[in-house]
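Please work through the following exercises on charged side chains. Each task is followed by a stepwise solution.

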Amino acid sequence: FDAAEAGGQIVFRPRGGAPEIELDEDDCVASDRGAPVKLSRMQETELPREITLGFSDADAEYRRGSASSRRLVGGATRLMQSEVAMVTNAAATSRRADIWLQDLWAGRESADFALPLSRLALMPGDTLALTAGGRRRLFELRGIVDTASRAIQARAIDPEIFNVPLPSASVAPPSVPPAIGPVEVR
């Protein structure tokens, strides 16, 4: 989920989902830069190849554990690590690492454009579909600056990555208690 401020309150909204609005280049306010929509894409080398999350493992007597997700293809070489203050299990953390890594790669495309002031209902965190250059993409609004028009900063989003299934949890076998002394048989 994302947290955003709306009407003086913090609003928590699930990520992804159906777009609130469909837009194309004709809906955008023409800018003095030329094209009404500026699309950009991060280089692969700026993105992580692997993500590792540290957590407290509820299935292992609350010892610290870690889960990783790695891309097997591409030119990225970066590693991201994060220690998260949460108690969970390895399967749930592995799912979170997969979602985080896929979301970073899906969001490497960004769009900057302006909308008329009649689009006041849009707020950061909203998902919209934008057709630019003959291609339809889903974007999540990251920032809005209101002036004579509404300058929008958005990043690409793929709602399907938030539906990654939870892997089956591996249950560790119980440990055998140590023997106190020699066996006495009668």
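The exercises below treat salt bridges and one arginine without such a partner.

The model is predicted, so local features need pLDDT of at least 70 and side-chain atom pairs pLDDT 80 or more, while totals for chains, interfaces and linings use all residues. Residues are numbered from 1 along each chain as its sequence is written, and side-chain values use heavy atoms, without hydrogens and water.

**Exercise 1.** Determine which residues are joined with R155 into one salt-bridge network.

*Solution.*
1. A salt bridge requires a side-chain nitrogen of Lys or Arg within 4 Å of a carboxyl oxygen of Asp or Glu.
2. R155 and D103 satisfy this at 3.4 Å, N to O; R155 lies in strand β11 (residues 150-156) and D103 in helix α1, 52 residues apart.
3. R155 also pairs with E140, with the closest N and O atoms 3.8 Å apart.
4. R15 forms a salt bridge with E140 at 2.9 Å.
5. Shared partners therefore join R15, D103, E140, R142 and R155 into one network.

**Exercise 2.** Classify D103, E140 and R155 as buried or exposed.

*Solution.*
1. Buried means under 20% relative accessible area, exposed over 50%, and partly exposed in between (1.4 Å probe, protein chains only).
2. R155 has 13% relative accessibility and so counts as buried.
3. D103, at 7%, is buried, and E140, at 0%, is buried.

**Exercise 3.** Establish where R95 lies and which side chain of opposite charge is nearest to R95.

*Solution.*
1. R95 belongs to helix α1 (residues 90-106).
2. R95 is buried without a salt bridge, and the nearest side chain of opposite charge, D98, is 8.0 Å away.

Terms used
Helices (H or I, at least four residues) and strands (E, at least two) are DSSP runs, numbered from the N terminus. Lys and Arg count as positive and Asp and Glu as negative; His and the chain ends are not counted.
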